[in-house]
Amino acid sequence: LQAVPGQVTVLNLLAINAYKNEDYETAHDYWHRILQQMPPYMHGSNAEKILKNKLADLKVDRPNNSKK
C-alpha cells in the first residue's frame, strides 16, 4: 500500500479484512477512500452503488456511530 497508496484492489482487500475483524471504522475509511478516488465516468455505476451501500451498511452495523 505504501508503494501505490490509491490501489483500489489493495484498499478493498484491507477493507474486507477490517470488516471481518469487526474493525468497522477502518473498513469504512478504506471503502470511503476508494469512493473518493473514483473517476467521474464511474459515477452512477454499479461499483459506486455497491460502495455506497457498504458504507451505509457500516453506519448501521457500527456500535459507536459517532464518527461518520
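A contact here means heavy atoms within 4.5 Å. With that in hand, start at A15, which touches A27, Y30 and W31 once residues up to four places away in sequence are left out of the count. A15 sits in helix 1, where helices (H or I, at least four residues) and strands (E, at least two) are DSSP runs numbered from the N terminus. A15 has a relative accessible area of 0%, so it is buried; buried means under 20%, exposed over 50% and partly exposed in between, using a 1.4 Å probe and protein chains only. Its C-alpha lies 7.1 Å from that of H28, although A15 and H28 are 13 residues apart in sequence.

Before going further, a word on the model itself. It is predicted, so local features need pLDDT of at least 70 and side-chain atom pairs count only at pLDDT 80 or more, while totals for chains, interfaces and linings use all residues. Residues are numbered from 1 along each chain as its sequence is written, and side-chain values use heavy atoms, with hydrogens and water left out.

Now step back to the whole chain. It has three helices and zero strands, giving the pattern α-α-α as you read along the sequence. Of the 68 residues in the protein chain, 25% are buried. If you take the contacts between residues at least 6 apart in sequence, 43% of them join residues at least 24 apart.

What about the join between helix 1 and helix 2? N17 is in helix 1, and at 45% relative accessibility it counts as partly exposed. N17 and A27 are 10 residues apart in sequence, with their C-alpha atoms 7.7 Å apart in space. On the other side, T26 belongs to helix 2 and is partly exposed too, at 25% relative accessibility. T26 pairs up in a similar way with I16: 10 residues apart in sequence and 9.7 Å apart in space, C-alpha to C-alpha.

The loop between helix 1 and helix 2 holds E22. Its backbone deserves a look, as the phi of E22 is near 60°, a positive value in a residue other than glycine. For background, most residues other than glycine have a negative phi. E22 counts as exposed because its relative accessibility is 60%.

Next comes the inside. A nonpolar core is a set of buried Ala, Val, Leu, Ile, Met, Phe, Trp, Tyr and Cys residues joined through side-chain atoms within 4.5 Å. The largest one here has 13 residues, and A27, W31, I34, L35, L51 and L58 have the most contacts inside it. Helix 1 (8–20), helix 2 (24–36) and helix 3 (46–61) each supply at least two residues of this core, and helix 2 gives the most, with six. Follow I34 and you'll find it touching V8, L11, N12 and L51, again not counting residues up to four places away in sequence.

I34 also leads you to the largest pocket, which it lines together with V8, N12, Q37, M38, P39, M42, A47, I50, L51 and K54. How is a pocket found? On a 1 Å grid over the protein atoms alone, a pocket is an open set of points where a 1.4 Å probe fits, with protein on both sides within 12 Å along at least five of seven lines, and lining residues have an atom within 4 Å of a point. This one holds about 170 Å³ of space, the volume being the space filled by probe spheres set on the points, which are joined across faces, edges and corners. Helix 1 and helix 3 each supply at least two lining residues, and helix 3 gives the most, with four. The lining divides into eight nonpolar residues, two polar and one charged; Ala, Val, Leu, Ile, Met, Phe, Trp, Tyr, Cys and Pro count as nonpolar, Asp, Glu, Lys and Arg as charged, and the others, Gly among them, as polar.

Last stop: helix 3 and its charges. A salt bridge is a side-chain nitrogen of Lys or Arg within 4 Å of a carboxyl oxygen of Asp or Glu, and by this rule the count comes to one. K52 forms it with E48, and their closest N and O atoms are 3.7 Å apart. Both residues lie in helix 3, four residues apart, or about one turn of the helix. At 43% relative accessibility K52 is partly exposed, whereas E48 is buried at 11%.
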